[in-house]
Amino acid sequence: MPLTDADAPPSTNDVHYVVYFASGEPSWCPDCRNALPALQNVFGSESAPTAYIIRAGTREEWKGNPNNKWRKAPYNVNGLPTIVRIENGKETARLGDIEGQEESALRKLIA
């Protein structure tokens, strides 16, 4: 299934992925821009697992802002992009901003 924009992570029990990503087109975040090819290769086909993109905010809303809601519990996102695997409503794995740019790491996450 293609990457799908969402306002919040879904509350389903199926296995799915949440990609916390910088807002903007193109994104202001260089790590997010670097991650796009790998994310599209892994999640872009119709047979791929479901991945929801959550836009964490503009540069001003994200950088140095400890009050950004995605930085707080239960999300606890410290860098962008962050990719989280959810199973039965619980986080089971997470890739941070560096690993989230690597197709091989993304493929291990969905294996």
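The following dialogue considers how several features of this predicted model may be read.

Colleague: How many residues does helix α1 have, and what should they span?

Modeller: Helix α1 covers residues 30-43, which is 14 residues. At 1.5 Å a residue they should span 20 Å, and the C-alpha atoms at the ends are 20 Å apart, so the two values agree.

Colleague: Where does α1 have a kink?

Modeller: The kink lies at Leu-36 and amounts to about 40°. The proline Pro-37 follows shortly after that point.

Colleague: Which residues of α1 are buried, and what do they pack against?

Modeller: The general idea comes first. An α-helix has 3.6 residues a turn, so residues three or four places apart point the same way. In this model the buried residues of α1 are Cys-32, Ala-35, Ala-38, Leu-39, Val-42 and Phe-43. They pack against the strands β2 (16-21), β3 (51-55) and β4 (82-87), and also against helix α3 (103-110).

Colleague: Which strands pair with β3, and in which direction do they run, parallel or antiparallel?

Modeller: Strand β1 (residues 4-6) is joined to β3 by 3 bridges, and the two run parallel. Within that pairing, Ala-6 has Ile-54 as its bridge partner. Strand β2 is joined to β3 by 5 bridges, again in parallel. Here Tyr-17 stands opposite Ala-51. As for exposure, β3 is mostly covered, with 4 of its 5 residues buried.

Colleague: How should an aromatic pair be described?

Modeller: A pair of aromatic rings is described by the distance of the centres and the angle of the planes. The structure holds 4 aromatic pairs. In one of them, Tyr-17 and Phe-43 lie 5.4 Å apart from centre to centre, with 50° between the planes, and the arrangement is tilted. This pair links distant parts of the chain, since Tyr-17 belongs to strand β2 and Phe-43 to helix α1, 26 residues apart. Both Tyr-17 and Phe-43 are buried.

Colleague: Which residues do ring pairs link into a cluster, and which ring has the charged end of Arg-71 over it?

Modeller: Tyr-20, Trp-70 and Tyr-75 are linked into a cluster by ring pairs. The charged end of Arg-71 sits over the ring of Trp-62, at 3.8 Å from the ring centre.

Colleague: How many bridges join β4 to β5, and how many residues lie between the two strands?

Modeller: Strand β5 (residues 90-95) is joined to β4 by 5 bridges, and the two run antiparallel. One bridge places Arg-85 with Ala-93 as its partner in β5. Together the strands form a hairpin with 2 residues between them.

Colleague: Which residues have a positive phi without being glycine?

Modeller: Asn-88, in the turn of that hairpin, has a positive phi of about 50°. Asn-88 counts as exposed because its relative accessibility is 59%, and the cut-off for exposed is over 50%. Asn-76 likewise has a positive phi, near 55°, and is placed in the loop between α2 and β4. With 39% relative accessibility, Asn-76 counts as partly exposed.

Colleague: Where are cis peptide bonds found, and what are their omega values?

Modeller: One such bond runs from Glu-25 to Pro-26, with omega near -5°. Pro-26 is placed in the loop between β2 and α1. Another joins Ala-73 and Pro-74, with omega at about 5°. Pro-74 is found in the loop between α2 (59-62) and β4.

Key
Residues numbered from 1 in each chain as written. Predicted model: local features only at pLDDT ≥ 70, side-chain atom pairs only at ≥ 80, totals over all residues. Heavy atoms only, no water. Expected span 1.5 Å × (residues − 1). Bend = angle between axes of the 7 residues up to and from the residue. Buried < 20%, exposed > 50% of the residue type's maximum accessible area, 1.4 Å probe, protein only. Contact = heavy atoms within 4.5 Å. Pairing = 2+ DSSP bridges. Phe/Tyr/Trp six-rings, centres within 6.5 Å; stacked < 30°, edge-to-face > 60°. Lys NZ or Arg CZ within 6 Å of the ring centre and 35° of its normal.
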